[in-house]
Amino acid sequence: MPPAPSAKGTVPFGSHQTWFRVTGDLSSGRPALVLVHGGPGSTHDYLLNLAELADQGWPVVHYDQIGNGGSSHLPGAGPEFWTPELFLDELDNLLRTLGIADNYVLLGQSWGGLVVAKHAAARPAGLRGLVIANAPASYPLWLSEMKVLRDQLPPGVNETLLAHEAAGTTGSDEYHAAMRFFYEKHVCRLNPWPRDYLASFYEIYNDPTVYFTMNGPSEFHVVGTLKDWGVIEDCPRIAVPTLLLSGRHDEATPVTVQPFQDLIPEVRWHIFEKSSHLPHLEQPEEFRAVLLEYLESLVA
């Protein structure tokens, strides 16, 4: 079977543009699977392999959130511009403009998982299902677990990280070298890192405006505007079947995911035993099988 066709373009978002890619047929009658990437400030690239789901009849929508990738870059915008509400509004705008707001499923990965949870809590009529992948329920929980994981790094590594964080020298080569120990254990355990992941990694490096403002200099040193934000209080209002996904070695540890499991009324949690933060790349066959089983259950 030939791969499903894809189309790319941009949609206006206020005075800005949101880049998107559709793989498959949005008019097929099946809910569109809309992928909300992480970061904040990453891009769609590391989620590209999920376009293969279109070969199984599921139209797939990728997009780059404002500030990165093919969407409008705004390096001069201040912290007051970069809010969770901005990205929620962008998602709503994309759904309406593509004409799929009455029939869609959301998959949010990492930061995207919090975005889709917040979106789902508003109970939009067209939302059919929700996948929260490798996401914490709050950044305070995330930060407390980062300390746990950092304390388990090889001797001297966390001390190096802490010294640079205290000195404000997190852009140094030594800090980045020490970061790799954490990333190779808890973000992506594949060696070498896959091309799609590297593409998103370098997109953040090329324009870190959003990531540095909202998150911070690294996955485990969240000092940006999100440091006190979360969606725990929103979880009981989520009214669609929800699939939780995480990796056994994930930086999104079980402690950070547990509120989703405890508070979302209809939820199931699958842990990928050989993965960290990117099981769709680290265990792609199992990831695809689990996701397809869930999607099929929504239309059975």
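User: Let's start in the loop with N49: does this residue count as buried or exposed?
Analyst: Keep in mind that this is a predicted model. N49 is in the loop between β3 and β4 (60-64). Its relative accessible area is 14%, and the cut-off is under 20%, so N49 counts as buried.

User: Which residue has its backbone oxygen 2.9 Å from a polar atom of the side chain of N49?
Analyst: Start with what N49 touches once neighbours within four places in sequence are left aside: D196, H280, L281 and P284. Among these is the residue we're after. The backbone oxygen lying 2.9 Å from the side-chain polar atom of N49 belongs to H280.

User: Moving on to strand β2, which residue's side chain makes a polar contact of 3.3 Å with that of R21?
Analyst: R21 sits in strand β2 and is buried, with a relative accessible area of 18%. Setting aside neighbours within four places in sequence, R21 is in contact with S6, A7, K8, L48, A51, V60, V61 and H62. The 3.3 Å polar contact between side chains joins R21 to T23.

User: How far apart in space are V22 and V34, C-alpha to C-alpha?
Analyst: V22 is also found in strand β2 (residues 16-23), and at 8% relative accessibility V22 counts as buried. Not counting residues up to four places away in sequence, V22 touches P5, S6, A7, V60 and V61. V22 and V34 are 12 residues apart in sequence, and their C-alpha distance is 9.2 Å.

User: Now the rings! How are the planes of W82 and F87 arranged, stacked or edge-to-face?
Analyst: The structure holds 15 aromatic pairs. In the one formed by W82 and F87, the ring centres are 6.3 Å apart and the planes are 20 degrees apart. Planes under 30 degrees apart meet the cut-off, so this pair is stacked.

User: And W111 with W229: what do we call that pair?
Analyst: Their ring centres are 5.9 Å apart. The planes meet at 50 degrees, and since that falls neither under 30 nor over 60 degrees, the pair is tilted.

User: How many residues apart are W111 and W229 along the chain?
Analyst: W111 belongs to helix α2 (residues 111-121), while W229 lies in the loop between α7 (209-215) and β7 (242-247). W111 is buried at 1% relative accessibility, and W229 is buried at 16%. The pair links distant parts of the chain, with a separation of 118 residues.

User: Which residue has its charged end over the ring of W193?
Analyst: W193 is part of a cluster in which ring pairs link Y175, F182, Y183, W193, Y197, F201, Y202 and F220. Over the ring of W193, 3.8 Å from its centre, sits the charged end of R180.

User: How many residues make up the largest nonpolar core?
Analyst: In soluble globular proteins, nonpolar side chains tend to be buried together. Here, the residues with the most contacts inside the core are V34, L106, I132, Y183, Y197, F260 and L291. The helix giving the most to this core is α2, with seven residues. The core as a whole has 91 residues.

User: What does L291 touch, leaving aside its neighbours within four places in sequence?
Analyst: L291 is one of the buried residues of α10, along with F287, V290, L292, Y294 and L295. What covers the buried residues of α10 includes β3 (32-36), β5 (104-109), β6 (127-133), β7, β8 (267-272) and α9 (279-282). L291 itself is in contact with L33, L53, L107, V131 and L243.

User: How far apart are the end C-alpha atoms of helix α10?
Analyst: Helix α10 (residues 284-299) has 16 residues. At 1.5 Å a residue, they should span 22 Å. The model agrees with that, because the end C-alpha atoms are separated by 23 Å.

User: Last one: which residue just after α1 takes a positive phi?
Analyst: Helix α1 (residues 84-97) has 14 residues that should span 20 Å, and its end C-alpha atoms are 20 Å apart, so the two agree. Its buried residues include L86, F87, L88 and L91. Just after the helix, a positive phi of about 75 degrees is taken by G99.

Methods: Residues numbered from 1 in each chain as written. Predicted model: local features only at pLDDT ≥ 70, side-chain atom pairs only at ≥ 80, totals over all residues. Heavy atoms only, no water. Phe/Tyr/Trp six-rings, centres within 6.5 Å; stacked < 30°, edge-to-face > 60°. Helix = DSSP H or I, 4+ residues; strand = E, 2+ residues; numbered from the N terminus. Buried < 20%, exposed > 50% of the residue type's maximum accessible area, 1.4 Å probe, protein only. Lys NZ or Arg CZ within 6 Å of the ring centre and 35° of its normal. Core = buried A, V, L, I, M, F, W, Y, C linked by side-chain atoms within 4.5 Å. Contact = heavy atoms within 4.5 Å. Expected span 1.5 Å × (residues − 1). Polar contact = N/O pair within 3.5 Å; in protein donor to acceptor, adjacent residues only side chain to side chain.
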